[in-house]
Amino acid sequence: MKLFLQSIAISIGIHLLFSLGTYVTGIIKMMNYTPDFEAAGSLTSEVAFGTTYTASPLLLPITFISVAVIAGALITLYRSRSTAY
């Protein structure tokens with residue numbers, strides 16, 4: 001049970017670190033952005049339609065479980081190596 005909770009905690013930590021890193025990077029880019037109106041030329045009222053990328057709703061649970069399994073394996077490997085010496 002302790003291994004399970006540790007691997008879940010590591011997975012939560014890694015996912016939070018990734019999400020906060022993405023958020024902070026976006027804020028820094030937004031704060032440092034200066035538009036170049038002269039290079040844009042004349043503005044038009046045309047609209048461009050296209051497709052957008054949408055991730056699968058299963059992506060977060062799959063990565064969460066995968067990271068937890070990898071973390072559990074690494075914890076088990078570390079414990080077995082430390083007791084062997």
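These legends cover an overall view and several close-ups of one predicted model.

**View 1. The whole chain: three helices and zero strands.** Read along the sequence, the elements run α-α-α. The fold is more spread out than a compact globule, because its radius of gyration is 22 Å, well over the 12 Å that the globule rule gives for 85 residues. Along the principal axes, the C-alpha trace spans about 70 × 30 × 15 Å. Buried residues account for 8% of the 85 residues. The accessible surface comes to about 7800 Å². Carbon and sulfur atoms contribute 72% of that surface.

**View 2. Confidence along the model, from α2 to α1.** The average pLDDT of the protein is 89. Scores of at least 70 are reached by 96% of the residues. Helix α2 covers residues 37-40 and has the lowest confidence, with a mean of 73. Helix α1 has the highest, at 96.

**View 3. The N-terminal end: Met 1 and a nonpolar surface patch.** Met 1 sits in the segment before α1, a helix that covers residues 2-31. The relative accessible area of Met 1 is 75%, over the 50% cut-off, so the residue counts as exposed. Met 1 joins Phe 4 and Leu 5 in forming the patch. Its area is about 390 Å².

**View 4. Ser 11, a residue of helix α1.** Is Ser 11 buried or exposed? Ser 11 is buried, because its relative accessibility is 0% and the cut-off is under 20%. Leaving aside neighbours within four places in sequence, Ser 11 is in contact with Phe 64, Val 67 and Ala 68. Gly 72 lies 61 residues from Ser 11 in sequence. In space, their C-alpha atoms are 9.6 Å apart.

**View 5. Leu 59 and the run of helix α3.** Leu 59 belongs to α3, which covers residues 59-84. Leu 59 has a relative accessible area of 45%, so it is partly exposed: the value falls between the 20% and 50% cut-offs. How far apart are the C-alpha atoms of Leu 59 and Ser 82, and what is their spacing along the chain? The two C-alpha atoms are separated by 34 Å. Along the chain, the two residues are 23 residues apart.

Technical notes
Residues numbered from 1 in each chain as written. Predicted model: local features only at pLDDT ≥ 70, side-chain atom pairs only at ≥ 80, totals over all residues. Heavy atoms only, no water. Patch = residues over 30% accessible without salt bridge, like charges linked within 9 Å, V, L, I, M, F, W, Y side chains within 5 Å. Areas by Shrake-Rupley, 256 points an atom, 1.4 Å probe, with all protein chains shown as cover. Salt bridge = Lys/Arg side-chain N within 4 Å of Asp/Glu carboxyl O. Helix = DSSP H or I, 4+ residues; strand = E, 2+ residues; numbered from the N terminus. Buried < 20%, exposed > 50% of the residue type's maximum accessible area, 1.4 Å probe, protein only. Rg over C-alpha atoms; globule rule 2.2 N^0.38 Å. pLDDT = per-residue confidence, 0-100. Contact = heavy atoms within 4.5 Å.
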